[in-house]
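Thanks for asking me to look this over with you. Here are my notes, written as numbered points so that you can follow along in the viewer.

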Amino acid sequence: MTTILKDIEIQGHGLMKNKPCSVKFFPSNTGKIRYFVNGQEPFEADADNVLSTDHCVVLGNKKAKAMLTEHLSAALAFCGIDSIDICMDEMEVPALDGSSKKWVELFKSAGIEKHLFEKKQYYTVKEPVYYLNGKTSLVVLPSDELYISYSVNYAHPDLARKWVAYNPKNQEEIIEARTFGFYKDLKKFQMLGFAQGVNIENTLGLQDEGYTSPLRSEDEPIKHKILDLIGDFYLTGVNPLNMKCQILVKEAGHAVHVKVAKMLKDKLIECK
């Protein structure tokens, strides 16, 4: 069990509604990731508690919910944190820079409790797990180590029939990969009440050619898809970075990630 060493807090604005919001984090010994929103009944970061994946991952229960949790979940995975209490004053998690970078920096600034004598536990799948639907596929296979390959095919010259693989050497590039979208669609989403907090600092806009701001690394949008996958698979209750699996993804998104995460909950076994 790993938690933070002291209380920490961060403020920002929500990506969807652009409301000011703050989040406080407290060390915990429950072995769970628990959300407390406006004093309502808490809920856990669990795939079974996902309420929606339409524009972002929304976790919650009948009385409270937390929106845009995927980048925070990924940061917890990268930091190895599996026990923490998260208190929010609004239902949106701050967008920050649209990646997991500032979340990871925040947790490291608080200090992370590491159990030196606790052996890291790895997991694999007892049988292949897969989701296939038209052009979309997500397959999880047993392996001797973690391997993630993510393929996309967007109407953009840099992102047509392109794939990127995760490895420890590009981990920092994945942590800092920003959320993205087609710039031409922004006004439409804002008219529908979404993406009110989108700006050039927290979202990478895809234009007909090029982007609205310089890339942080090559293929940044695809690396962000891997970041989202790690955050979504974190909801299995097992840190995906501790999975000895081959994870092969083609043109998927949060909805498919979460569907497979729910399937994985019953398929993951400890490695001997």
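## Notes on the fold and its contacts

1. Let's begin with a helix. In this predicted model, helix 2 (residues 101–110) lies across strand 1, strand 2 and strand 8. The helix runs at about 160° to strand 1.

2. Which residues of helix 2 are buried? They are Trp 103, Val 104, Leu 106, Phe 107 and Ala 110. Look down the axis of helix 2 and you will find these buried residues within an arc of 160°, so they line one face of the helix. A general rule is handy here: an α-helix has 3.6 residues a turn, so residues three or four places apart point the same way.

3. What do the buried residues of helix 2 pack against? Their partners are strand 1, strand 2, strand 8, helix 1 and helix 3 (171–175). Just after helix 2 comes Gly 111, and its phi is positive, near 90°.

4. Now for the sheet under that helix. It is an open sheet of 5 strands in the order 1-2-8-3-4, and the pairing is mixed. At the edges are strand 1 (8–13) and strand 4 (43–44), each of which pairs on one side only. As background, strands of a sheet pair through backbone hydrogen bonds, either parallel or antiparallel.

5. For one pairing to trace by eye, try strand 2 (residues 20–27) with strand 8 (residues 84–88). These two strands pair in the antiparallel sense over 5 bridges. A good place to start is Pro 27, which stands opposite Ile 84 in strand 8. Helix 1 (residues 70–79) also packs on the sheet, where it touches strand 2, strand 3 (33–37) and strand 8. The direction of helix 1 makes about 145° with that of strand 3.

6. Next, the aromatic rings. The structure holds 4 aromatic pairs. One of them joins Phe 25 and Phe 107 edge-to-face, with 5.1 Å centre to centre and 85° between the planes. Phe 25 lies in strand 2 and Phe 107 in helix 2, so this pair ties together parts that are 82 residues apart in sequence. Both Phe 25 and Phe 107 are buried. Trp 103 belongs here too: Phe 25, Trp 103 and Phe 107 form one aromatic cluster.

7. Compare that with Tyr 35 and Phe 43. Is their pair stacked or edge-to-face? It is stacked, with 10° between the planes and 5.5 Å centre to centre. Tyr 35 has a relative accessible area of 0%, so it is buried. Phe 43 counts as buried as well, at 4% relative accessibility.

8. On to charged side chains. As a general point, side chains of opposite charge can pair when their charged atoms come close. How many salt bridges does the count come to? The count is 12. One of these is formed by the side chains of Glu 44 and Lys 32, at 3.4 Å from N to O. Glu 44 is in strand 4 and Lys 32 in the loop between strand 2 and strand 3, 12 residues apart. Glu 44 is partly exposed, with a relative accessible area of 30%, and Lys 32 is partly exposed at 39%.

9. Another salt bridge joins the side chains of Asp 219 and Lys 162, at 2.8 Å from N to O. It links distant parts of the chain: Asp 219 sits in the loop between strand 15 (204–206) and helix 5 (220–233), while Lys 162 is in strand 13 (residues 162–166), 57 residues apart. Why does Asp 219 count as buried? Its relative accessibility is 12%, and buried means under 20%. Lys 162, with a relative accessible area of 27%, is partly exposed.

10. Lys 223 and Glu 173 form a salt bridge too, with their closest N and O atoms 2.5 Å apart. Lys 223 lies in helix 5 and Glu 173 in helix 3, so the pair ties together parts that are 50 residues apart in sequence. Lys 223 is buried, with a relative accessible area of 6%, whereas Glu 173 is partly exposed at 30%. Last, look for Asp 46, Asp 48 and Lys 265, which are joined into one network by salt bridges that share partners.

Methods. Residues are numbered from 1 along each chain as its sequence is written. This is a predicted model: local features need pLDDT of at least 70, side-chain atom pairs count only at pLDDT 80 or more; totals for chains, interfaces and linings use all residues. Side-chain values use heavy atoms; hydrogens and water are left out. Two strands pair if DSSP finds at least two bridges between them. Helices (H or I, at least four residues) and strands (E, at least two) are DSSP runs, numbered from the N terminus. Contact means heavy atoms within 4.5 Å. Axes are lines fitted to C-alpha atoms, for helices over the stretch in contact, and angles run from 0 to 180 degrees between N-to-C directions. Buried means under 20% relative accessible area, exposed over 50%, partly exposed in between (1.4 Å probe, protein chains only). The arc is that of the directions from the helix axis to the C-beta atoms. A salt bridge is a side-chain nitrogen of Lys or Arg within 4 Å of a carboxyl oxygen of Asp or Glu. Rings of Phe, Tyr and Trp (its six-membered ring) pair if their centres lie within 6.5 Å; planes under 30 degrees apart count as stacked, over 60 as edge-to-face and the rest as tilted.
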